[in-house]
Amino acid sequence: MSTGLIKTLTDPNVVLAVLVSLAVLATFYSLIVPFFERGDLGKRMKSVASEREQIRARERARLADMQGGRASLRGQNNASIRQIVERLNLRTALVDDKTVNRLKMAGFRSQNALNTFLFARFCLPFLFLLVALVYIFGLGNFAEKPLMVRLFFAIGFAYLGFYAPNIIVANAVSKRQASIRRAWPDALDLLLICVESGVSMELAMRRVADEIAAQSQPLAEELVLTTAELSFLPERRAALENLGLRTGLEEVRSVVQALIQADRYGTPIAQALRVLAQESRDQRMNAAEKKAAALPPKLTVPMILFFLPVLVAVILGPAGIQVADKF
């Protein structure tokens with residue numbers, strides 16, 4: 001019986017019939033099954049949208065943690081200051097695109113920060129003028145000066161109050177840019193390692209933000225913002241350009257342009273990042289060498305004023321004491 005079954009299974013006609021039957025069944029299956037399948041495109045789009053919202057919420061929470069829990073991406077809105085700004089129409093009189101970009105570079109991105117800046121520029125001149133009038137005329141200071149000179153001092157102090165918010169913002173911008181500039185080469189090296197290991201750009205930036213936070217919190221904050229924007233903005237180009245606008249650094253803009261071109265033309269990102277990382281390291285080294293070269297001239301005056309008298313006293317002090325004892 002077993003020999004007959006083996007003979008039947010090895011018969012070429014039987015094998016051919018089985019193969020033809022399987023081919024016919026596979027053909028019918030491939031033709032009929034698509035009519036019974038339901039389109040799950042809507043579910044897939046909903047899942048992608050929900051995942052995007054989860055990523056956005058997670059990145060905003062991460063940003064709030066980095067900022068010490070002060071604010072989210074939008075921040076708190078002060079209604080009273082906003083009403084004053086809108087009634088006096090201060091945005092038309094005092095705001096331009098350059099002002100908004102400077103506030104973003106300083107880390108003040110919310111609408112409430114802009115309203116506070118405008119309110120400060122409007123109120124501080126009057127406050128400074130009041131303080132100057134009380135100090136000069138109320139307390140009787142500079143009484144020996146002519147009246148016009150005292151009025152000029154008061155008006156100058158009020159003028160200083162008008163530009164005090166700009167000075168504060170410029171100081172914040174310089175501090176943030178210095179912090180980002182110092183940590184940017186290291187961030188590029190970490191980003192290059194992540195990209196070469198096969199990690200996507202969003203995950204690489206988030207990883208770099210976690211690692212670079214101990215060295216530069218402003219840079220980590222900007223990378224977290226870029227990661228959040230890459231997850232929900234319709235175009236990656238806009239998110240990358242926003243990174244360059246918020247930092248205001250030429251080295252960051254060059255990297256942003258390289259990433260945009262790589263994303264547009266499909267060129268390898270790792271090669272461009274390697275070249276830019278080397279250039280950033282060279283620029284940082286050149287800046288350090290420039291500071292080191294400028295150190296001797298800066299130390300000349302302190303050495304003459306402080307070190308040289310002490311050195312002369314130490315050398316000539318014993319001889320002077322012996323001469324004084326003999327006479």
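A residue counts as buried under 20% relative accessible area, as exposed over 50%, and as partly exposed in between. With that scale in hand, the two cysteines considered here part ways in this predicted model. Cys123, at 26% relative accessibility, is partly exposed because that value lies between the two cut-offs. Cys194, at 13%, counts as buried. The count of disulfides in the structure is zero.

The interior is a good place to go next. The largest nonpolar core holds 34 residues, and Leu191, Leu219 and Leu273 touch the most other members. Two or more residues each are supplied by helix 8 (147–196), helix 9 (201–212), helix 10 (217–232), helix 11 (236–247), helix 12 (250–265) and helix 13 (269–326). Helix 8 gives the largest share, with nine residues. Leaving aside residues up to four places away in sequence, Leu219 is in contact with Ile180, Ala183, Trp184, Ala187 and Ile212. Another core, of 13 residues, lies apart from this one, and its members include Ala106, Phe117, Ala172 and Val173.

Helix 6, which spans residues 97–105, has Thr99, Leu103 and Met105 as buried residues. Viewed down the helix axis, the buried residues of helix 6 fall within an arc of 160°, so they line one face of the helix. After helix 6 comes Gly107, with a positive phi near 95°.

Further along the chain, Ala262 belongs to helix 12. Its relative accessibility is 6%, so Ala262 counts as buried. Beyond residues up to four places away in sequence, Ala262 touches Thr267 and Ile269. A separation of 8.3 Å is found between the C-alpha atoms of Ala262 and Ala272, which are 10 residues apart along the chain.

Aromatic side chains offer a last point of interest, with four aromatic pairs in the structure. In the pair of Tyr159 and Tyr163, the ring centres are 5.0 Å apart and the planes meet at 55°, so this pair is tilted. Both tyrosines lie in helix 8, four residues apart, or about one turn of the helix. Tyr159 is exposed, with a relative accessible area of 53%, whereas Tyr163 is partly exposed at 34%. Tyr163 also pairs with Phe162 in an edge-to-face arrangement, at 5.2 Å centre to centre and with 85° between the planes. Phe162 is partly exposed, at 24% relative accessibility. Together, Tyr159, Phe162 and Tyr163 make up one aromatic cluster. Arg121 joins the picture here: it lies over the face of Phe162, 4.1 Å from the ring centre, and its charged end sits over the ring of Tyr163, 5.7 Å from the centre.

Terms used
Residues are numbered from 1 along each chain as its sequence is written. This is a predicted model: local features need pLDDT of at least 70, side-chain atom pairs count only at pLDDT 80 or more; totals for chains, interfaces and linings use all residues. Side-chain values use heavy atoms; hydrogens and water are left out. A nonpolar core is a set of buried Ala, Val, Leu, Ile, Met, Phe, Trp, Tyr and Cys residues joined through side-chain atoms within 4.5 Å. Buried means under 20% relative accessible area, exposed over 50%, partly exposed in between (1.4 Å probe, protein chains only). Contact means heavy atoms within 4.5 Å. The arc is that of the directions from the helix axis to the C-beta atoms. A disulfide is a pair of cysteine sulfur atoms within 2.5 Å. Rings of Phe, Tyr and Trp (its six-membered ring) pair if their centres lie within 6.5 Å; planes under 30 degrees apart count as stacked, over 60 as edge-to-face and the rest as tilted. A charge sits over a ring if NZ of Lys or CZ of Arg is within 6 Å of the ring centre and within 35 degrees of the ring normal.
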